[in-house]
Amino acid sequence: MKFTALACAAAGTLAAPAFAESHMTEVAFGTNWLAQAEHGGFYQSVADGTYEACGLKVSILPGGPQVNNRALLLAGRIDYHMGGDLLQAFNAVQEGIPVVSVAAIFQKHPQVIVTHPGKAETFEDLKALDLLIGDNGYQSYYQWMMAAYGFTPEQRQPYTFNPGPFLANENAGMQGYLSSEPYLVEKEGGFTPDVFLIADAGYSTYATTIEVMADTIAKKPDEVSCFVDASIKGWYTYLYGDNVAANELIKADNPEMTDDKIAFAIEKMKENGIVDSGDTLEAGIGVITDEKVGDFYAKMVEAGVIGEVDWQSAYTTEFVGKGVGMDLK
């Protein structure tokens with residue numbers, strides 16, 4: 001497994017909390033997939049020394065198809081983990097696992113449905129198409145699509161992460177990740193697909209959360225605050241400042257990541273308000289609100305995706321919503 005270590009000195013203008021004055025604390029942060037622009041703010045804080053400025057020497061441990069960094073968090077082998085979405089957090093509560101989401105970097109889930117141009121004008125129009133949806137999607141957001149919009153099990157076809165069936169059928173829609181399948185269709189299909197972001201249709205979960213064990217929050221609140229604040233500052237700089245050094249670290253951890261893929265992803269994140277929109281405009285990147293978590297929880301219960309759980313124990317608003325980093329925008 002490959003780590004990206006802090007390599008840059010901290011900027012002198014960044015303030016450090018009292019706990020950082022006596023020592024540097026080494027921590028590991030595990031992501032949930034291979035290095036990419038969607039992890040950019042974390043790499044930014046490594047590259048420009050923002051973590052180090054508040055007393056943390058952070059190593060990033062990329063995820064991937066053969067890597068389960070969440071299991072490493074539960075085993076105490078890493079300190080922080082990049083969560084997927086709130087369903088994962090609710091499931092942890094259901095299973096009695098004391099993992100807590102302390103920040104939500106993505107205010108919108110980047111899950112999309114792509115179609116051939118002109119085949120659907122609205123999200124509801126997708127009901128007229130065959131939809132290529134993977135098993136995980138069928139068990140989660142597609143259950144919500146059926147409950148909220150009337151999509152049917154019959155129109156769903158299994159998605160095998162091969163765009164060929166979609167490209168061959170102009171009356172099909174295909175699940176995707178905002179920065180992945182649309183890019184792939186443009187390159188392999190030679191056309192720009194229409195893209196429907198399910199978050200804009202009401203799938204209101206946060207994504208790319210920062211997860212930590214409840215025990216860490218209880219014993220090391222200053223450390224958690226440092227990591228969250230520095231990560232938020234990194235995201236502002238990555239989106240709105242000089243991100244060259246961060247992108248070099250991303251490409252070092254994932255040689256298949258190219259400059260054009262990174263540029264496409266950043267453009268789509270900004271264009272669709274994935275990181276910075278809604279509540280963040282007043283409270284800052286990373287914000288979590290009781291209202292939004294409760295709204296998504298209610299939708300998932302109604303859709304039968306999850307049963308009754310103590311959903312409020314899945315997260316805390318203690319470390320976010322304070323406008324940290326907004327001056328960097």
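User: How many salt bridges are there in this thing?
Analyst: The count comes to ten salt bridges. Keep in mind that this is a predicted model.

User: OK, give me one. What do the side chains of Asp200 and Lys108 do?
Analyst: They meet in a salt bridge, with 2.9 Å from N to O. Asp200 lies in the loop between β9 and β10 (207-213), while Lys108 lies in the loop between β4 and β5, so the pair ties together parts that are 92 residues apart in sequence.

User: And is Asp200 buried or exposed?
Analyst: Asp200 is exposed, with a relative accessible area of 52%. The cut-off for exposed is over 50%.

User: Which salt bridge can I look at inside a helix?
Analyst: Try Lys251 and Glu248, whose side chains meet at 2.9 Å, N to O. Both are in helix α11 (residues 244-253), and being three residues apart there, they are separated by about one helical turn.

User: How accessible is each of those two, Lys251 and Glu248?
Analyst: Lys251 has a relative accessible area of 19%, so Lys251 is buried. Glu248 is at 44%, so Glu248 is partly exposed. The line for buried is under 20%.

User: What else is linked with Glu248 and Lys251?
Analyst: Asp259 is. Glu248, Lys251 and Asp259 are linked in a network of salt bridges.

User: Got another one in a helix?
Analyst: Sure, look at helix α14 (residues 290-302). Lys299 and Asp295 are four residues apart in that helix, which puts about one helical turn between them. Their side chains meet in a salt bridge of 3.1 Å, N to O. Lys299 counts as partly exposed at 23% relative accessibility, and Asp295 counts as partly exposed at 34%.

User: Switching topic. Where does Gln107 lie?
Analyst: Gln107 is in the loop between β4 (99-106) and β5.

User: Buried or exposed, that Gln107?
Analyst: Gln107 is buried, with a relative accessible area of 3%.

User: So what does Gln107 touch?
Analyst: Leaving out residues up to four places away in sequence, Gln107 touches a list that includes Thr205, Tyr206, Ile274, Val275, Asp279 and Lys292. There's also a polar atom of the Gln107 side chain that lies 3.0 Å from the backbone oxygen of Ala104.

User: Now the nonpolar stuff. Which residues touch the most other members of the largest nonpolar core?
Analyst: Phe90, Phe123 and Trp235 do, in a core of 93 residues. The largest share of this core, ten residues, comes from helix α10 (residues 221-240).

User: Is there a second core somewhere? Which residues are in it?
Analyst: Another core lies apart from that one, and it has seven residues, among them Leu61, Leu72, Val99 and Met213.

User: Back to Trp235. What is it in contact with?
Analyst: Not counting neighbours within four places in sequence, Trp235 is in contact with residues that include Ala37, Glu38, His39, Phe42, Ile105, Phe106, Met269 and Ile285. Val275 is one of its contacts too, and Val275 is also among the residues that Gln107 touches.

User: Last one, helix α8. Which residues are buried there?
Analyst: In α8 (residues 181-189), Glu181, Pro182, Tyr183 and Val185 are buried.

User: What covers them?
Analyst: The cover over the buried residues of α8 includes the strands β5 (111-115), β8 (172-177) and β9 (194-197), along with the helices α7 (164-168) and α12 (259-271).

User: And what comes just after α8?
Analyst: Gly190 does, and it takes a positive phi of about 75°.

Terms used: Residues are numbered from 1 along each chain as its sequence is written. This is a predicted model: local features need pLDDT of at least 70, side-chain atom pairs count only at pLDDT 80 or more; totals for chains, interfaces and linings use all residues. Side-chain values use heavy atoms; hydrogens and water are left out. A nonpolar core is a set of buried Ala, Val, Leu, Ile, Met, Phe, Trp, Tyr and Cys residues joined through side-chain atoms within 4.5 Å. Buried means under 20% relative accessible area, exposed over 50%, partly exposed in between (1.4 Å probe, protein chains only). Helices (H or I, at least four residues) and strands (E, at least two) are DSSP runs, numbered from the N terminus. Contact means heavy atoms within 4.5 Å. A polar contact is a pair of N or O atoms within 3.5 Å; within protein, one must be able to donate a hydrogen and the other to accept it, and residues adjacent in sequence count only if both atoms are side-chain atoms. A salt bridge is a side-chain nitrogen of Lys or Arg within 4 Å of a carboxyl oxygen of Asp or Glu.
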